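Me: I'd like a close look at one part of this protein: the pockets, and what lines them. Could you walk me through that and finish with a residue from the end of the chain?

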Amino acid sequence: MKKFCISLSFIIFHFSFSAAQTYTLQQLQQKAVENNRTLKNARLNVESAKEDKAKAYTHFFPQVSANAVGFQGFEDLVQGSMPAGENEMPISLVKKGFVGSMMAIQPLFQGGQIINGNKLATLQQEVNQLQLQMTEKNVELQVAKYYWQLVSLQSNIATLDSVTVQLDEVHRLTKNYVDAGVITHNDLLRVELKQQEIASNRLELENGICIVKMLLAQTAGIAEGDCDIEAPSLAPCSLPLTYLKDKDESVQNREELALSQKNEEAQRLNVKMERGKLLPSLAVGVNGFYYTIDSHDNTNGIVFATLSVPISDWWGGSHAIKKAKLQRLQAENDRMEAQEKLAIDIQSAWNNLEEAYKQIDIAKASVESAKENLRMQHIFYSAGTTTMTDLLDAITLYTQAQSQMVTACATYQMRVAEYRRKTS
């Protein structure tokens with residue numbers, strides 16, 4: 001029994017220790033890079049593109065095929081007669097046999113389709129690699145957003161806990177006044193209603209924390225119960241100029257622009273592919289065969305060359321080329337539009353970053369004013385020179401100002417993460 005209790009205690013201790021593990025933002029982002037399922041699928045797409053590239057390369061090699069045919073006739077397949085003096089002699093041959101052959105064809109010219117097909121396969125691999133990089137950055141950004149959202153909610157919980165302590169003191173003081181007959185019981189009821197309101201707000205925050213933790217754990221690819229964070233201080237915040245980067249340079253570094261450039265390159269190759277379909281195809285080959293006819297074995301072989309000219313394809317092929325050229329022009333327009341939109345996107349991210357920083361200054365001033373107002377109302381209420389309504393209003397204003405301050409700081413950190421994502 002004693003040994004069982006010791007083992008049970010060890011299990012409980014071990015579980016508590018494991019559950020208490022916390023993560024920094026960088027650790028969560030690293031976990032997401034390793035475990036996020038969207039990222040895993042993006043890596044699989046890269047591997048699939050590698051296989052497609054390897055497959056396209058095999059088109060440079062000869063095409064080898066083997067065939068075998070065996071037959072057994074109900075009667076001889078060759079039947080006839082030949083003159084024998086004044087009479088005819090019946091002839092019947094070939095009742096069973098076997099034919100086997102092996103052929104290899106080496107393409108010499110396919111209108112550039114093999115070369116351009118390999119270039120397209122290489123291009124697709126590069127596209128998937130760019131998409132992987134973009135997905136990785138987006139996942140890291142999403143982790144950062146959930147992280148700072150969780151920090152904000154937990155900080156608001158701390159604010160409500162502080163307000164709860166103040167309300168408990170107000171409740172104690174108000175009860176003393178009611179017991180002494182200085183004020184009516186109505187004021188005590190107001191305090192209790194405010195306490196219940198704070199408790200209700202706390203429940204909502206706790207529910208929000210639970211959901212955000214689940215989202216953060218799912219994105220980072222870790223166990224749901226193992227998603228405690230090592231929350232940093234929200235203030236002070238670095239100046240926006242700390243993160244400023246050249247807009248034009250940042251546009252050139254964006255994966256979205258590189259993808260549009262790859263699309264334009266792919267459309268140019270498609271034009272060449274359509275042209276190649278209308279050009280002659282030249283190949284050489286060798287064919288060796290073995291056959292057995294009525295137990296007589298024979299071997300032979302031939303060397304040959306083929307030239308194929310798709311004459312009838314020229315009628316519709318010219319329109320296919322024109323269509324491919326139009327798609328190339330569309331890809332060029334898409335690339336220029338993407339470049340312009342990315343510049344706007346980066347400028348918008350910078351404006352949001354500056355605005356978020358200014359909101360912190362405004363929130364700081366509001367907190368200082370609300371804090372001083374609450375302090376004075378507390379003094380006045382203790383001295384009996386103000387009403388309960390004024391004191392509760394002061395507590396409400398302080399709670400709101402503190403919450404706005406926390407939200408402003410967390411929003412600024414999110415804007416920093418967004419700007420760094422869009423300029424990296």
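Reply: Here's a walk through the pockets, with a bit of background first and a single residue to finish.

Keep in mind that this is a predicted model. Overall, the protein has 9 helices and 8 strands. Of its 424 residues, 33% are buried. If you take the contacts with a separation of 6 or more, 81% of them join residues 24 or more positions apart. As for the outside, about 25600 Å² is exposed, and carbon and sulfur atoms supply 57% of that.

Now the pockets. The largest pocket comes in at a volume of about 440 Å³. Its lining has 17 residues, and the ones nearest the centre are Leu25, Gln29, Ala144, Ala417 and Arg420. Which elements supply at least two residues each to that lining? They are α2 (25-35), α4 (113-179) and α9 (388-422). Sort the lining by class and you get 8 nonpolar residues, 5 polar and 4 charged.

Next up is the second largest pocket, with about 200 Å³ of space. Here two or more lining residues come from each of α4, α5 (185-220) and α9. The largest share belongs to α5, which gives 6 residues. In total, 13 residues line the second largest pocket, and Leu160, Asn201, Leu205, Thr399 and Ser403 sit nearest its centre. By class, this lining splits into 3 nonpolar, 7 polar and 3 charged residues. So how do you find spaces like these in the first place? Rolling a probe the size of a water molecule over the atoms shows where empty space is left.

Finally, the residue you asked for. Thr423 is in the segment that follows α9. Is Thr423 buried or exposed? Thr423 counts as buried because its relative accessibility is 4%, and the cut-off for buried is under 20%. Who's around it? Setting aside neighbours within four places in sequence, Thr423 is in contact with Lys245, Ser250 and Ile346. There's a polar pairing to look at too: a polar atom of the Thr423 side chain lies 2.8 Å from the backbone oxygen of Tyr419.

If you're clicking through the model, α9 is a handy thread to follow: α9 helps line the largest pocket, α9 also gives residues to the lining of the second largest pocket, and Thr423 lies in the segment after α9.

Technical notes. Residues are numbered from 1 along each chain as its sequence is written. This is a predicted model: local features need pLDDT of at least 70, side-chain atom pairs count only at pLDDT 80 or more; totals for chains, interfaces and linings use all residues. Side-chain values use heavy atoms; hydrogens and water are left out. Helices (H or I, at least four residues) and strands (E, at least two) are DSSP runs, numbered from the N terminus. Buried means under 20% relative accessible area, exposed over 50%, partly exposed in between (1.4 Å probe, protein chains only). Contact means heavy atoms within 4.5 Å. Accessible areas come from the Shrake-Rupley method with a 1.4 Å probe; for residues, only the protein chains shown count as cover. On a 1 Å grid over the protein atoms alone, a cavity is a set of points where a 1.4 Å probe fits but cannot get out, and a pocket is an open set with protein on both sides within 12 Å along at least five of seven lines; lining residues have an atom within 4 Å of a point. Grid points are joined across faces, edges and corners, and a volume is the space filled by probe spheres set on the points. Ala, Val, Leu, Ile, Met, Phe, Trp, Tyr, Cys and Pro count as nonpolar, Asp, Glu, Lys and Arg as charged, and the others, Gly among them, as polar. A polar contact is a pair of N or O atoms within 3.5 Å; within protein, one must be able to donate a hydrogen and the other to accept it, and residues adjacent in sequence count only if both atoms are side-chain atoms.
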